[in-house]
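Open the model in your viewer and keep the sequence panel at hand. The tour below goes from one selection to the next.

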Amino acid sequence: MKKRYKIVLKILIMIDFKKKWRQNMAINQLEATLQAITHTIAKLEKEGCDDEKMLKELRKERDRILDELNLN
């Protein structure tokens with residue numbers, strides 16, 4: 001019985017580790033996307049982009065990611 005308990009415990013630990021790893025990967029992807037959007041907005045504004053619709057959509061997406069990361 002102890003052997004089964006140890007095996008189940010190891011499996012649960014592995015599942016928890018995989019879940020945390022996936023969450024970290026998702027956060028890393030969100031941070032990379034956030035960085036790319038922020039740089040794109042800055043570059044477009046610096047170049048004098050007059051497409052306010054596109055800038056608005058980029059800002060909206062940036063704000064959504066910030067909210068998802070609880071940084072806004």
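Select Glu45 in this predicted model. Glu45 is partly exposed, because its relative accessible area of 42% falls between the 20% and 50% cut-offs. Now add Arg59: the two side chains meet in a salt bridge, 2.5 Å from N to O. Glu45 sits in helix H1 and Arg59 in helix H2, so the pair ties together parts that are 14 residues apart in sequence. Arg59 is partly exposed too, at 25% relative accessible area.

Keep Arg59 and add Glu52. These two form a salt bridge, with 3.9 Å between the closest N and O atoms. Glu45, Glu52 and Arg59 are thus on screen as a network of salt bridges.

Next, select Glu68 and Arg64. Their side chains form a salt bridge at 2.8 Å, N to O. Both residues belong to helix H2 and are four residues apart, about one turn of the helix. Glu68 counts as partly exposed at 45% relative accessibility; Arg64 is partly exposed at 39%. The structure holds five salt bridges.

Which residues make up the largest nonpolar core? Select Leu30, Leu34, Ile37, Ile41, Leu44, Leu55, Leu58, Ile65, Leu66 and Leu69, 10 residues in all. H1 and helix H2 (52-68) are the elements that give two or more residues to this core. H1 gives the most, with five.

Centre on Ile41. Leaving out residues up to four places away in sequence, Ile41 touches Leu55, Leu58, Arg59 and Arg62.

Move to Glu47, in the loop between H1 and H2. Is Glu47 buried or exposed? Glu47 is exposed, because its relative accessible area is 55% and the cut-off is over 50%. Draw a C-alpha distance to Arg62: the two are 15 residues apart in sequence and 19 Å apart in space.

Now go to Ile7, in helix H1 (residues 2-46). Ile7 counts as partly exposed, at 45% relative accessibility. Add Val8, Ile11, Leu12 and Ile15: with Ile7 they make a nonpolar surface patch of about 450 Å².

Finally, zoom out to the whole chain. The protein has two helices and zero strands. Its C-alpha atoms fill a box of roughly 70 × 15 × 15 Å along the principal axes. The radius of gyration is 21 Å, where a compact globule of 72 residues would have one near 11 Å. Buried residues make up 14% of the 72. Turn on the surface: the protein exposes about 6,600 Å², and carbon and sulfur atoms supply 58% of it.

Note on methods:
Residues numbered from 1 in each chain as written. Predicted model: local features only at pLDDT ≥ 70, side-chain atom pairs only at ≥ 80, totals over all residues. Heavy atoms only, no water. Patch = residues over 30% accessible without salt bridge, like charges linked within 9 Å, V, L, I, M, F, W, Y side chains within 5 Å. Areas by Shrake-Rupley, 256 points an atom, 1.4 Å probe, with all protein chains shown as cover. Salt bridge = Lys/Arg side-chain N within 4 Å of Asp/Glu carboxyl O. Buried < 20%, exposed > 50% of the residue type's maximum accessible area, 1.4 Å probe, protein only. Core = buried A, V, L, I, M, F, W, Y, C linked by side-chain atoms within 4.5 Å. Contact = heavy atoms within 4.5 Å. Rg over C-alpha atoms; globule rule 2.2 N^0.38 Å.
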